[in-house]
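This briefing is intended for readers at the bench who wish to go from the overall architecture to individual residues. Please keep the sequence and the model in view while reading.

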Amino acid sequence: MAGHDLVATSDVNRIEAPVTVKAYLMCAFASFGGIFFGYDSGYISGVMGMEYFIHLYQGLPYLPPNPTDAQKNAFTLPDWKKSLITSILSAGTFFGAIFAGDLADWFGRRTTIIAGCLIFIVGVILQTASTSLGLLVAGRLIAGFGVGFVSAIIILYMSEIAPKKVRGALVSGYQFCITIGILLASCVDYGTQNRRNTGSYRIPIAIQMLWALILGIGLFLLPESPRYFVRKGNLEKATHVLTRLRGEPEGSEYIQQELAEIVANHEYEMSVIPQGGYFKTWASCFTGGLRNPSSNLRRTILGTSLQMMQQWTGINFIFYFGTTFFQELKTIHNPFLIGLVTTLVNVCSTPISFYIIEKYGRRSILIWGALGMVICEFIVAIVGVTKGRISENDPAAVRAQIAFICFYIFFFATTWGPGAWVVIGEIFPLPIRSRGVALSTASNWFWNCIIAVITPYMVGTGPKDANLGSRVFFVWGSLCALCFIYAYILIPETKGLSLEQVDRMLEETTPRTSAKWVPHSTFAADMGMTDKVGGLAVHCNFFLISPLELTMEIMWMNGLLAW
């Protein structure tokens, strides 16, 4: 491949062009992918509680005007149907996220997301047409594949195009869009719940196509990730894309220096990560030792376990099964309205993360967020097994439970909700980044699926169910305590660093000392590609070469500079 003249620099403050409004707008639109992710996750709880849906899918007659408790208990979907309908989406998403990692490397980040939108639309059409369980489940499985593509690669795409100073805030916008999607789903469910025809569930399902169409069409207007083109060896396109993202002319030194740092980091990683065929490149995600904080194995474990922990907070218990759970408690008059309130709290709280994730950092908010959730969930559980019992008939206790559930959602929405997505987009080196993010996202959906499968049996009131009721919050509270310990021991601080600087930070620090790390050199400088005398930069002709050729080239350049 022909060479490409770039201006390398040893100044750590000049490895990225200044932030522009254009960069904000591009990332803001990309985060729109969170809307149909959130909507798809949020609408199902309300649909499974609708009278017509239960009547159609369970074949039960409608409830009389003043039903008895026995009639209310019988008029519901069985736990296995709730579990299947909810979890099948997560199962499809798990496999979709795994496949998306390869597709993003082969065809590009943007193309993979657009393909995910098309697959999702096919799944939504099948769900909308369904009047029986089989077609509904098949549609949710196919839609899950599409959601897997989008949820895995949109984080990768946004992390690679966002400026380092606001990357955390912009990627948090994805979580904000998820909350908006959940809120929209709750509003639509609330508006159609009393319809006595297929529109009660078809309207909430069909609306999802709109979000996928907007995202898919809009992405045609956005550029591909420059780091994808660097990985493919096309520096000319990488330069062109970077100029669009940064709003700088193509000959700008800022553009040349940022691209030089991306290329230098990629070549460095290629020299230390074993290269080979398809399976060997997947195996690269698991190379290195557990004792090495910067090893690919440690990063992969960190990404997958962080997403696991996010699911262990129990947040999707509220959004997947909140409506039916509140119905089964029999202490809340309008479960649909309470579900809408909790969703509104989620939406209004998330924008706070835009500020605190850059002000206080990823590590700090994950630690304190976990602590806040622990306190709230244990309070909900304790009130539920004392004054909140049905036999006590204490409205004040029920209101207290709802209030602390809202506080719990607040802590999640401002910390673990966006924080987990931000961190997995930052910790992987470019050669394995798409697969690392895909594995992490797949972990999220795997545990999402597990929780969706077991939760109906945990809180169900059937003869073979655990019937935990409010005691289920003791489970979520204990798991949040593990999240607190996990964040303190394992989460590094990546605030304010470029993706390339995160690589260096992980090599030189531990999670507990990472917040004090300050960039001290560039990859281009460390590889002998700049003239450090007087702080001047020199033009370097970059080629995509083998690791052996790269090592020989660096040795030659270092020798020449020494001479």
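Is R231 buried, partly exposed or exposed? With a relative accessible area of 25%, R231 is partly exposed. The model is a predicted one, and the points below are grouped by topic, from the whole protein to single side chains.

**Overall architecture**

- The secondary structure consists of 25 helices and two strands.
- The protein has 563 residues, and buried residues make up 59% of them.
- Among contacts with a separation of 6 or more, 78% are between residues 24 or more positions apart.
- The accessible surface of the protein is about 21400 Å², and carbon and sulfur atoms account for 67% of that surface.

**Salt bridges**

- Side chains of opposite charge can pair when their charged atoms come close.
- The structure contains 13 salt bridges.
- One of them joins the side chains of D105 and R109, at 3.2 Å from N to O.
- Both partners of that bridge are buried: D105 has a relative accessibility of 4%, and R109 has a relative accessibility of 0%.
- D105 also forms a salt bridge with R231, in which the closest N and O atoms are 3.5 Å apart.
- This second pair links distant parts of the chain, since D105 is in helix α5 (residues 79-107) and R231 is in helix α11 (residues 226-232), 126 residues apart.
- In the D105–R231 bridge, D105 is the buried partner at 4%, whereas R231 is partly exposed at 25%.
- A further salt bridge is formed by E160 and R433, with the closest N and O atoms 3.2 Å apart.
- Because E160 lies in helix α7 and R433 in helix α21 (residues 430-459), the pair ties together parts that are 273 residues apart in sequence.
- Both E160 and R433 are buried.
- D105, R109, E160, R231 and R433 are joined into one network by salt bridges that share partners.

**Nonpolar core**

- In soluble globular proteins, nonpolar side chains tend to be buried together.
- The largest nonpolar core of this model has 135 residues, and the residues with the most contacts inside it are F53, L306, W416 and F473.
- Helix α7 (residues 133-161) supplies the largest share of this core, with 15 residues.
- F53 is in contact with V47, M48, Q58, L77, I85, L136 and Y201, when neighbours within four places in sequence are left aside.

**Two buried polar residues**

- D40 lies in helix α2 (residues 33-48) and counts as buried, with a relative accessibility of 1%.
- Beyond its neighbours within four places in sequence, D40 is in contact with L89, F120, R140, V147 and Q208.
- The C-alpha atoms of D40 and I205 are 8.0 Å apart, although 165 residues separate the two along the chain.
- T342 is located in helix α17 (residues 335-349), and its relative accessibility of 2% places T342 among the buried residues.
- Apart from residues up to four places away in sequence, T342 touches I318, F319, I405, C406 and I409.

**Cysteines**

- A search of the whole structure finds zero disulfides.
- Why does C483 not form a bond with C480, its closest cysteine by sulfur position? The two sulfur atoms are 5.2 Å apart, which is too far for a bond, because a disulfide requires cysteine sulfur atoms within 2.5 Å.
- C483 is buried, at 0% relative accessibility, whereas C187 is partly exposed, at 40%.

**Nonpolar surface patch**

- L482, F484, I485, Y488, I489 and L490 form a nonpolar patch on the surface.
- Together these residues have about 500 Å² of accessible area.
- F484, one of the patch residues, is in helix α22 (residues 472-490).
- F484 counts as partly exposed, with a relative accessible area of 30%.

Methods
Residues numbered from 1 in each chain as written. Predicted model: local features only at pLDDT ≥ 70, side-chain atom pairs only at ≥ 80, totals over all residues. Heavy atoms only, no water. Patch = residues over 30% accessible without salt bridge, like charges linked within 9 Å, V, L, I, M, F, W, Y side chains within 5 Å. Areas by Shrake-Rupley, 256 points an atom, 1.4 Å probe, with all protein chains shown as cover. Helix = DSSP H or I, 4+ residues; strand = E, 2+ residues; numbered from the N terminus. Buried < 20%, exposed > 50% of the residue type's maximum accessible area, 1.4 Å probe, protein only. Contact = heavy atoms within 4.5 Å. Core = buried A, V, L, I, M, F, W, Y, C linked by side-chain atoms within 4.5 Å.
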